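Colleague: Could you take me through the place where the two chains of this model meet? I'd like a close look at that one part, in plain bench language.

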Amino acid sequence: MDILSIGRIAGTLSTWWWLLLSLAFFLYIATDGTDLGAGIFALFSKDEEERGAIMASMAGMWDGNESWLVVAGGVLFGAFPLVYGSAFNYLMIPLMFALWGIIARAVAFEFHIHAKKSKRFWGWAFAVGSLFPTFFAGVALGATLQGFPMKSGLAMQSALAAHGVNVHDYMTPVMHFSGGILDFLTPFSIWTGVGAVIAASLAGGLYLCARFIPGDPIHERARSWTNVVSLLALAAIVITLIWSYAIFPWASAKWTGSDWWVWLIWFVIVLIFAFKSSTNHSARRDFSAMMWGIGVVALLWAAMWATIFPYVVPNTWTIVQAANPADSIAVFTLFMTGFFPIMIMYNWYQIWVFRGRFSKKMAYGAH
Amino acid sequence: MVIENSLPILLSRLDFAWITSMHILWTPMTIGMSWLLFIMEVAWLRTGDERWYKINRFVEKIFIINFGAGVATGVTMEMAFGILYGPFSQAVGPFFGNILGFETITAFMYEAGFIGLMVFGWGKISKGMHLFATFNVGLSSSLSAMWILVANSWMQTPDGIFLKNGLFQVKNWWQAIFNDNFQWGFPHMWVACVELALFALVGLSGFFILKNRNADLFTKLLKPTLLALIIVTPVQIFIGDSIGRVVAQTQPTSLAAMEGHYHTYLPDGKVNTGWHLIAIPNAKNDGNVFAITIPHVLSLLETHTLNGKVTGMDSFPAKDRPDVWVPFYSFRVMVAIGFFLFFIAIWGNWLRLRGKLNATELRKRPWFLRALVFSAFLPYLAIWCGWWTREIGRQPWVVNGLMRTYQGASHMPVAMEIIWFVGYIIFELAVWSGSWYFFTRVIKKGVDDIPDSSTLFDHDHADDADVKAGGGHVTPTFASKPMLRSDR
């Protein structure tokens with residue numbers, strides 16, 4: 001086979017962008033997951049001062065973390081527009097709720113500081129605005145794993161026909177989403193939503209332990225919170241794996257195939273990371289505990305993408321089917337790849353600058 | 001009735017129109033004001049005049065609230081192409097998707113990075129480095145505007161592509177990027193951003209002089225701003241005329257809708273050269289019920305000759321005609337605002353020539369000052385009207401001449417479209433009213449509590465200043481220092 005054939009190069013580049021897409025989503029989950037989790041923690045805060053302190057602890061970096069989501073969206077549109085245009089249509093309702101949460105949360109950051117009478121309201125907007133994107137992003141992920149129905153032709157045909165307009169003139173080979181708007185809603189996708197909330201809660205707890213001075217009320221509460229949630233998280237991982245094994249043939253075939261031992265070793269490594277996180281947490285090495293925890297997420301995320309391969313959306317879009325034509329993907333690669341290391345360096349620098357522990361009083365005072 | 005006006009497609013258009021209209025309220029200020037902040041910073045560094053520093057820091061507070069609102073509404077924008085116009089996003093992916101990808105990756109990375117330095121970096125990084133950061137905020141936001149205009153202009157004049165396998169694939173990147181509409185469309189939008197930012201400064205000056213607060217400071221600001229406007233406002237009118245002629249050549253239906261121009265020829269066979277000041281289009285969209293018409297003006301405007309032929313709506317089948325109401329009136333409002341702002345610039349400079357541009361003289365002319373405050377709001381309306389003209393004039397196409405809007409709309413029932421619309425009315429209005437509330441708070445506080453620039457590198461004071469600069473955020477610290485101090 002000609003190693004320089006256009007088809008081969010395009011296939012390689014598309015796979016490269018599939019990896020970068022995975023990276024962008026992972027960076028979003030890893031960085032903003034802690035912020036969102038801390039917001040979920042704030043749902044249970046008894047006073048506004050505590051919510052304010054939690055918000056202040058992430059004031060300098062939450063927007064930088066969140067911009068990874070925007071980058072992931074940009075990569076999806078730039079490299080896999082066929083997925084972008086169909087999956088987002090399929091995920092309309094969960095994305096809509098997640099976006100409302102994101103808007104409410106972004107606004108709450110600004111308003112909570114200045115508000116006097118409505119402080120409580122904006123504190124809640126922040127907390128609920130953290131819960132919504134987490135839950136609905138989890139739902140969207142679970143729904144995506146299930147795949148969705150597609151057909152070619154006119155997307156709005158049925159809605160138009162319901163209003164007495166019949167159109168039959170539009171022919172296109174492009175496959176678009178053709179299911180109902182509630183197709184995303186299944187027991188599994190609701191479970192992944194719950195799972196995402198549990199995972200973020202754990203990340204948020206670890207983050208708050210690392211962010212606040214030991215002995216501070218927030219630190220102490222976050223400690224006991226983390227102890228409880230970590231057990232939930234472990235259970236959630238096991239349940240998700242078994243459930244996926246049961247309902248996704250593409251997953252079970254891979255996991256029990258000839259390379260079963262790789263998956264097993266991988267799972268053992270995940271357990272080791274979880275154990276390290278837990279021991280570091282007990283030993284009050286909070287930053288290490290958080291990093292091991294993020295390591296667990298990285299390992300599971302990588303395993304998920306490896307299981308999905310060669311699909312972007314299981315049983316719906318493969319990388320090759322979904323990718324842009326060769327010259328578009330080449331242009332995208334040429335101009336955009338170099339920005340990734342720069343973005344990572346910038347985001348790291350931002351987090352580095354805002355490191356250091358807070359106490360509740362101090363954070364609230366500066367808030 | 002064209003399919004684009006049937007309820008499911010109309011709602012789909014309305015959903016998208018609402019979120020874009022609410023997003024364009026924020027971005028022009030970021031794009032235009034970042035350059036003005038840069039110029040003011042240069043003025044401060046070159047002259048050492050403290051007043052430039054104070055104004056810069058004051059305007060920066062407004063800038064950062066505005067930026068936050070732009071991000072909050074922009075995240076939705078980015079996702080909305082796929083959610084509301086999925087089949088369109090798929091078909092145009094090879095070009096349009098790439099360009100939007102360029103925009104998100106370069107603009108977010110680049111702009112977000114330097115904005116952090118610009119807002120939080122005062123006193124922490126050297127003056128030269130800070131100036132460099134401000135410059136890059138200007139450059140990156142203008143780059144972002146360029147990519148967005150590349151994408152949108154291409155929808156007006158889809159050059160450099162060919163249709164294969166249902167996808168608009170790129171034949172010539174150069175032609176596709178520098179398409180016909182882009183060449184004047186981008187300058188028109190970019191100058192609009194600068195004009196908006198200049199009028200925001202002018203409006204602020206008018207307000208403060210009117211209230212007799214820091215009147216000397218704001219008179220100082222008013223002079224160069226008005227001088228810039230006497231150049232910018234007529235240039236914008238000239239660019240507007242130029243893009244009008246591009247539209248006349250490349251999108252004759254859009255131009256005909258903007259002018260309510262239904263008939264290429266009059267009943268007696270002569271060329272229809274009449275320009276309507278006011279028109280009421282009929283329900284069938286094939287003529288005007290009523291119009292006030294001036295002969296020859298339309299030909300003069302579009303062909304620069306007295307009797308040149310301008311193609312009317314009747315040269316196209318009914319299913320290819322856009323609605324006239326919105327393009328016709330929003331175009332007129334935009335043009336009227338353009339000339340009114342030119343007039344304001346003339347008025348201000350005329351006062352200057354007569355030596356009246358000082359606090360005492362200006363305060364004797366409250367109507368001039370009120371007109372300045374009023375003018376600060378008009379560019380927003382003009383930009384809205386311009387985009388409505390552009391987008392509704394292109395109907396019934398989403399990609400001009402190649403893809404109809406109903407072909408690009410996502411699969412969804414009417415009930416869902418209504419839920420989306422109502423939800424976004426609530427959330428976008430919350431962002432809008434909240435931001436305006438904070439603008440008024442910042443303006444109320446004024447410039448007096450901004451510490452002198454001499455405190456910048458004196459860290460005991462700099463900390464207080466920075467808490468304010470971030471809209472009250474915790475001091476971003478390069479940050480361990482202030483925290484450690486409180487620890488002790």
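Modeller: Here is a walk through the interface, with a few side notes on the backbone and the surface at the end. Keep in mind that this is a predicted model.

Let's start with who touches whom. On one side, 79 residues of chain A make contact, and they meet 74 residues of chain B. Put the two chains together and about 6,800 Å² gets buried between them, with carbon and sulfur atoms accounting for 74% of that. If you want names to look up on the chain A side, try A:Phe77, A:Trp100 and A:Met156: these three supply 10% of the area that chain A buries against chain B, and no other three residues give more.

What about charges and polar groups? The rule finds 0 salt bridges across the interface of chain A and chain B. Polar contacts do turn up, though: 12 residue pairs between the two chains, counting pairs with both residues at pLDDT 80 or more.

As for which pieces of chain A do the touching, the elements that each give two or more residues include helix H3 (62–79), helix H4 (81–90), helix H5 (92–114) and helix H7 (157–162). Further along chain A, strand E2 (176–177) is on that list too, as are helix H14 (326–336), helix H15 (339–353) and helix H16 (360–366). H5(A) gives the most, with 15 residues. Sort the chain A side by class and you get 55 nonpolar, 18 polar and 6 charged residues.

Now the surface of chain B. A nonpolar patch there is formed by B:Leu277, B:Ile278, B:Ile280, B:Val289, B:Phe290, B:Ile292, B:Trp325 and B:Val326, with about 700 Å² of accessible area together. Strand E3 (275–281), strand E4 (288–294) and helix H11 (325–353) of chain B each give two or more residues to the patch.

Last, some backbone spots to click on. Most peptide bonds are trans, and most residues other than glycine have a negative phi. In chain A, the bond from A:Phe309 to A:Pro310 is cis, with omega near 5°; A:Pro310 sits in the loop between helix H12 (286–308) and strand E3 (311–313) of that chain. Chain B has a cis bond joining B:Gln395 and B:Pro396, where omega is about 0°, and B:Pro396 is in the loop between helix H14 (378–394) and strand E5 (397–399) of chain B. B:Asn214 has a positive phi, near 50°, in the loop between helix H7 (180–210) and helix H8 (215–250) of chain B. B:His296 also has a positive phi, about 70°, and lies in the loop between E4 and helix H10 (297–303) of chain B.

Note on methods
Residues are numbered from 1 along each chain as its sequence is written. Chains are lettered from A and ligands numbered from 1 in the order in which they are written. This is a predicted model: local features need pLDDT of at least 70, side-chain atom pairs count only at pLDDT 80 or more; totals for chains, interfaces and linings use all residues. Side-chain values use heavy atoms; hydrogens and water are left out. Contact means heavy atoms within 4.5 Å. Buried area is the accessible area (1.4 Å probe) that two parts lose on being put together, summed over both. A salt bridge is a side-chain nitrogen of Lys or Arg within 4 Å of a carboxyl oxygen of Asp or Glu. A polar contact is a pair of N or O atoms within 3.5 Å; within protein, one must be able to donate a hydrogen and the other to accept it, and residues adjacent in sequence count only if both atoms are side-chain atoms. Helices (H or I, at least four residues) and strands (E, at least two) are DSSP runs, numbered from the N terminus. Ala, Val, Leu, Ile, Met, Phe, Trp, Tyr, Cys and Pro count as nonpolar, Asp, Glu, Lys and Arg as charged, and the others, Gly among them, as polar. Patches are made of residues with over 30% relative accessible area and no salt bridge: like charges are joined within 9 Å, nonpolar side chains (Val, Leu, Ile, Met, Phe, Trp, Tyr) within 5 Å. Accessible areas come from the Shrake-Rupley method with a 1.4 Å probe; for residues, only the protein chains shown count as cover.
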